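Please look at the sequence and the structure below before reading on.

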Protein chains: 2
Amino acid sequence: MEAFRQAVVNTLERRLFYIPSFKIYRGVAGLYDYGPPGCAVKANVLAFWRQHFVLEENMLEVDCPCVTPEVVLKASGHVDKFTDLMVKDEKTGTCYRADHLLKDFCKEKLEKDPKITEEKAAEFKHVIAVLDEFTAEELGAKIKDYGITAPDTKNPLSAPYPFNLMFQTSIGPSGVSPGYMRPETAQGIFVNFKDLYYYNGNKLPFAAAQIGQAFRNEISPRQGLLRVREFTLAEIEHFVDPEDKSHPKFSEVANLEFLMFPRQDQVSGQSARTIRLGEAVSGGIVNNETLGYFIGRVYLFLTYLGIDKERLRFRQHLANEMAHYAADCWDAEIECSYGWIECVGIADRSAYDLRAHTDKSGVPLVAAEKFAEPREVEKLVITPVKKELGLAFKGNQKMVVEALEAMGEKEAMEMKATLESKGEVEFQVCTLGKDVTIKKNMVTISKEKKKEHQRVFTPSVIEPSFGIGRIIYCLYEHSFYTRPSKGGDEQLNVFRFPPLVAPIKCTVFPLVQNQQYEEVAKRIAKSLTAAGISYKIDITGTSIGKRYARTDELGVPLAITVDSTSSVTLRERDSKQQIRVSIEEVASVVKEVTDGLNTWNDVLWNYPTHSSAATED
Amino acid sequence: MEAFRQAVVNTLERRLFYIPSFKIYRGVAGLYDYGPPGCAVKANVLAFWRQHFVLEENMLEVDCPCVTPEVVLKASGHVDKFTDLMVKDEKTGTCYRADHLLKDFCKEKLEKDPKITEEKAAEFKHVIAVLDEFTAEELGAKIKDYGITAPDTKNPLSAPYPFNLMFQTSIGPSGVSPGYMRPETAQGIFVNFKDLYYYNGNKLPFAAAQIGQAFRNEISPRQGLLRVREFTLAEIEHFVDPEDKSHPKFSEVANLEFLMFPRQDQVSGQSARTIRLGEAVSGGIVNNETLGYFIGRVYLFLTYLGIDKERLRFRQHLANEMAHYAADCWDAEIECSYGWIECVGIADRSAYDLRAHTDKSGVPLVAAEKFAEPREVEKLVITPVKKELGLAFKGNQKMVVEALEAMGEKEAMEMKATLESKGEVEFQVCTLGKDVTIKKNMVTISKEKKKEHQRVFTPSVIEPSFGIGRIIYCLYEHSFYTRPSKGGDEQLNVFRFPPLVAPIKCTVFPLVQNQQYEEVAKRIAKSLTAAGISYKIDITGTSIGKRYARTDELGVPLAITVDSTSSVTLRERDSKQQIRVSIEEVASVVKEVTDGLNTWNDVLWNYPTHSSAATED
């Protein structure tokens, strides 16, 4: 596993799929550049994401800034809660994630300490399992208990304390407007709900989408491209009536079958199993059709990209993993050398986010369903008598009025009864931090029949959120294989990318260095450019075999070898099969295959196969 | 002009081309969201940029993080010099850009003060002209002189002082690693030069490209989308041998003619004039072919997008505008309601950036030209005798050694002569801040003949840098027009986007609300999706005329009206011409036109024109 990973990572770094950022300055942990092939793979993945989600589903795409004022992230809860627990080396000040240290300690004990008792082993396993739920105090106690010290220096550690993972900055020159680099793109969509709903003709359901950078100031980045400090997210917020989460296109995905890992199976210790999506929804395993529809669409997206079906599963969050407001949540997890990695989260977040911004901003982020006929409803009406309240509470009047108006139906009707029987009532005003006495003449409470023409409600949000870098890294591992060179003396690396994601669709090699062949290569290059096909010309004098090996290592699906002035050899990467195609036709043949209109096998039967000049030495 | 701008901006905001960010929280100056049509326009512009530059020129695209450690921006000069001069309201602390206040003051005097003397008027005009070159002291003196106070409060102002425009943050949990949000994407390319050069087979010239967010914490953002705090840049760094700046494809652009505004013409008070690009280069107006080639390619890029040729000019920087290291610099300026706006900068930055990072990092960012035959050269060899220097200077030895080794040829040969004649010499060591005495036994200096197999040099960089948001805003203004409605009672807004940039390529309207037509509309929608064409279905019962108006306002080039179950009406936006096309064919006809394979006029002759049912009421 380690050796496999090392082989993949070596190839990726050597061919500049990615590069540690700012390498000449010894780099910064958790920051990576995409070099030319990595950048092309990323652009292809994002273009396909736009096609598969935004275009096919008619989503409203938006593009919001990364710099975000504090108030927005205060409302969303990130300022207060987007933290990891950290400990400091008490002498050097080096910081560590408290849960990582504890986990590493337990793992090492389990793996390397032969004298460990069965009881102790069970304890360590339990700690690893429940680690995510430990409070700062519990983590601190365990670290103290086990005598864990700083890994590098063995110095004592501080008690764990929360560290906010957002990069903080200041907006404008005055220094009084704190801001953060957004930790997710979703908030930009939520704050625009009103405009987007209007843009959609005031109709539900609709989805908005955003692709963009997100930032998390990780305490100790690990696992290469999987846990980084800046990354590209692609997020969808699908707004839906909470009373109707059906989806008109669910039938199109209902017959898909793939690995699912429902909550129940995890708790009872079973493994993930193949389930038909339609059954998962009708059987109540997946909360609703819309959530199910997106699970199916995500499955299709990932497998089209080349993710191995056998190493892809949809795992439901356990009850304690989920935010309290979430109705249901599934992660698309992909297995790679680091284990099962969460790459897409698909959550029904109910009305939480829109409510939070409604409360903080005072702007109602709601939808309305117009009734065909007006409906009669009984409505609670609370009318504070401001004059009396003013006399009684002076400067506190406003707080008392607001508290009265905020009463729910039950509380209000109880107050009405008490006022009628006793003439006054003790009433708790939280904003004043005390009880006040409300008299009968200070408020009238009644129920009135009203005709309503519409139902106003806060939509639910179903959010598929894609970690693009993680998907791409897993794709690299799933696409990588080695095969012996023709001489058998070395292993050659190949990425079996589908044409959809391949960084370059085609290479062009003049068989030998001469002007005639180079002219032909240039003509072919021009026709490839005109057809919108990315290519690379390799005019080095290296052997054809070496040039094929180089291009296989970049995952280029097709190679054109110029070995005459009328026709060329076209070679496919994985089968190494070769056909002869005329110079005029070759660009369109390449386009057919790379656009997915024809498979290589279709093409193979239409052209003579080739076995002479341009064989792989 | 103001009225025109207001009409454009109203349309743009109403149709969500853009939205002030975080509007429900009263927004943040200088931050804007792109709504659905704006986002689609931006994606189209960027896709075309990739096609026109990266793909056609085989550039190496990279994708680097926004978060940048201080050392990188220290080397580039941004930490020390990326500042604007700011003044503060001494009572409220509100900040203003000093040059803006002075400019506004002079402009207002010139425009609104009828009693102004001719002498004074000339002075104000001069101040506006040379404003950009004022030092903090000069600006402060003028502000004091003219008695300028804070615009909102009339309070006195502080003296001007520099404010760094980068958003600052901190990387990692320790708080000891300052970082910034990058103010441009270029540095990410420069620090990767070595890897990219290797990737390109150690050959020059080659170009790297990057599209990404950049950040500038403007003191007082103005002019809507033109001066913002976060924006998308697309930058190219073309690395070239400083001794050979010819370009193999220059002949392809040499015959282009367009408005150029050479330095000489600006100084002598002339206007921009039409020049053939080939003459501009051969006549020495443009410094070299490569710079000229990019000017031509930028011209093609902007005009393909729909920028009006008559309101596009290439203005050369004046000598005092240019950085001291730059060989030549041209801005593509587009005229809009705010005047001539710099949208693309095309600069020959010579070896400055690579040298700066070489010096700071110690990693040589150089290229080599291998000679066909080794060449004999005379080389200066300075050999400090470390033992003697150590005895003489102890802890300062290192500084003395470095200073000796850094001597140029002339200085070294003079030292050699003095040492031979007098046995010792006074030598200034800047890093010590004093002179030291060098004796004959401390250093040997000689000239030796050496065979060299290659020439090692720092490449020059030619940098075209595109402000994507500015280009898009100018495109909006250039594409906007109004025409009377059929009744003549109102003005309808139209964006005449070419299909290449249109946010949606096609709309689909069932003529009346019935199930049959809606079924047909759905079938057409499916075939459009399959053909990769973005569309919008409008099934509202509104009149066809209103629906056309709505879609014209989004700049949608084609509209399909479903008015039978066998064929449909296809209508072009600007001519309002209509043809009849069968349901089976319509997607491919739309694709032909929007992909640019056929023009509307080509199509017009192949299908019957239409004038009955679906006329614009």
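The questions and answers below deal with the pairing of the chains and with some helices.

This is a predicted model, in which local features need pLDDT of at least 70, side-chain atom pairs count only at pLDDT 80 or more, and totals for chains, interfaces and linings use all residues. Residues are numbered from 1 along each chain as its sequence is written, chains are lettered from A and ligands numbered from 1 in the order in which they are written, and side-chain values use heavy atoms, with hydrogens and water left out.

Q: What kind of axis relates chain A and chain B?
A: Chain B is superposed on chain A by a rotation of 180 degrees with 0.0 Å of shift along the axis, at an RMSD of 0.1 Å (least squares on C-alpha atoms of residues with pLDDT of at least 70 in both). The two copies are thus related as by a two-fold rotation axis.

Q: On which side or sides of H14(B) do the buried residues lie?
A: In helix H14 of chain B (residues 386-393; a helix is a DSSP run of H or I, at least four residues), the buried residues are B:Leu389, B:Gly390 and B:Phe393 (buried is under 20% relative accessible area, exposed over 50%, partly exposed in between, with a 1.4 Å probe and protein chains only). They cover an arc of only 105 degrees around the axis (taken from the directions from the helix axis to the C-beta atoms), so they lie on the same side of H14(B).

Q: Which exposed residues does the face of H14(B) turned away from its buried side carry?
A: This face is turned away from the buried side of H14(B). The exposed residues on it are B:Lys387 and B:Leu391.

How values were computed
Helix = DSSP H or I, 4+ residues; strand = E, 2+ residues; numbered from the N terminus.
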